Amino acid sequence: DKLPEKDNKLRLKVREFMEKNVKPIINDYWYRDEFPHELIPKLKELDICGLSYKGYGCQNKSNLLDGVVAAELSRIDPSLSTFIGVHSGLSMGSIYLCGSEEQKDYWLPKMRNMEVLGAFGLTEPLVGSGVAGGLTTTCEKKGDKWVLNGQKKWIGNSTFSDITIIWARDINDNQVKGFIVEKDNIGFSVEKIEGKVSLKIVQNGLITLDNCIIEEKNRLQNANSFKDTSKVLKMTRAGVACRMKDEQASLAKVWITKAMRRLVSTGRELFGGNGILLEYDIAKYMADAEALYSYEGTAQINELIVGRSITGKQAFI
Ligand code: FAD
């Protein structure tokens, strides 16, 4: 009800698009673990990337509209919503919040119209929740270039994206820095993670950075420590809750994903045996819910953030 009429029109346009173009084909892609590249030209027309960003060809719409659009995508397919969330939120958002004016002018208009697709590489094979203090991927400045080494796991869109934002620890000052890594960079390779049973359409990659050389112009000029990485995570953590304080966004994420898990499980039960057949959709929602529960901060981690905020004491292991 709080959406202006023009924004509500966009919401309905997205709903119609999902019903007409996505619903009939999406379960088959899910079954085959494949991404529906055929939908990209139509998604471009919808014009839903970078909705809430100001300038750089973006629309300066409300965070509420951004969140409602994400919900409309998820209503039919949480994987497609994740694809847009990673591209428009995490990847574009890193450049929007941490890039120089030059970097924003160059990349954001191209990403808004999906001419350039983005990914976001923070998690590592041995470090997920603990990325704030435990990032092991390194960067080192050599002359006017940077050398990156390490691995990134679970990176959504990375098997086909044009750029990936890579977060790495500088071995000289120990601070986390961000880099715009292009797909054909020497020393950058991606292997698709096979065998997922949740968000099967999202193409998650294991990235290896083996003496990957990045020019200074592709270092995010305003990413100087993990505090800057956190700004991006805070913005995306809770979608519509993104204007809230960190602990409020965390609470929203925990509450909503716990409720989602209960809801999809009850839904599955209502369908009886049919509830485990893909053609009845609910089994896919139930499986997809598991990834949403864990990514962008697990329930426990978000609860610990809220607990620390209320009690002033931290209970992280
Ligand atoms: P862990 O951190 O190992 O957690 C395992 C368990 O231990 C959890 O229950 C957790 O709550 C608990 N735990 C961990 N630390 C503590 C602690 N200190 N105290 C108490 N309990 C603790 N990452 C990216 O960078 N880019 C992406 O695009 C991306 N896309 C993803 C898409 C999917 C489908 C999935 C599943 C993941 C994606 N991720 C991505 C990674 C995701 O953000 C991580 O999976 C998440 O942060 C959890 O990290 P982990 O898997 O290493 O689990």
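## A walk from strand to helices

At 45% relative accessibility, N211 counts as partly exposed (between 20% and 50% relative accessible area; buried is under 20% and exposed over 50%, with a 1.4 Å probe and protein chains only). What you have open is a predicted model, with pLDDT of at least 70 needed for local features and 80 or more for side-chain atom pairs, while totals for chains, interfaces and linings use all residues. Numbering starts from 1 along each chain as its sequence is written, and side-chain values use heavy atoms, without hydrogens or water.

**Stop 1: N211.** Keep N211 selected and colour strand β7, residues 204-215, where N211 sits (helices, H or I, of at least four residues and strands, E, of at least two are DSSP runs numbered from the N terminus). Now check the backbone: phi of N211 is positive, about 50°, although N211 is not a glycine.

**Stop 2: D281.** Next, select D281, in the loop between α8 (246-270) and α9. Here too the residue is something other than glycine with a positive phi, this time near 70°. Is D281 buried or partly exposed? With a relative accessible area of 26%, D281 is partly exposed.

**Stop 3: helix α9.** Move on to residues 282-294, which make up α9. This helix has 13 residues and reaches 19 Å from its first C-alpha to its last. Which residues of α9 are buried? Show side chains for I282, K284, A287, D288, A289, A291, L292 and Y293 to see them. The charged-looking names in your selection are worth a click: K284 and D288 are both on that buried list. Just after α9, pick E296 and read off another positive phi, about 55°.

**Stop 4: α1 against α9.** Add helix α1, residues 5-31, to the view. The axes of α1 and α9 come within 12 Å and cross at roughly 55° (axes are lines fitted to C-alpha atoms, for helices over the stretch in contact, with angles from 0 to 180 degrees between N-to-C directions). The two helices are therefore oblique to each other (roughly parallel is under 35 degrees, roughly antiparallel over 145, roughly perpendicular 65 to 115, and oblique the rest). To find the contact (heavy atoms within 4.5 Å), select I26, N27 and W30 on α1, then K284, A287 and D288 on α9. You will recognise K284, A287 and D288 from the buried residues of α9.

**Stop 5: α4 against α5.** Select residues 78-98 for α4 and 101-112 for α5. How do these two helices run relative to each other? Their axes come within 9 Å and cross at roughly 165°, which makes α4 roughly antiparallel to α5. On the α4 side, show H87, S91, M92, I95 and Y96. They meet Q103, K104, W107, L108, M111 and R112 of α5.

**Stop 6: N63.** Jump to N63, in helix α3 (residues 63-76). N63 is buried, with a relative accessible area of 16%. Draw a C-alpha to C-alpha distance from N63 to Y53: the pair is 9.1 Å apart in space and 10 residues apart in sequence.

**Stop 7: helix α10.** Finish at residues 299-311, helix α10. From first C-alpha to last, its 13 residues reach 18 Å. Buried in α10 are A299, I301, N302, I305 and V306. One last click goes to G312, which follows α10 and has a positive phi, near 80°.

Note on methods
Expected span 1.5 Å × (residues − 1).
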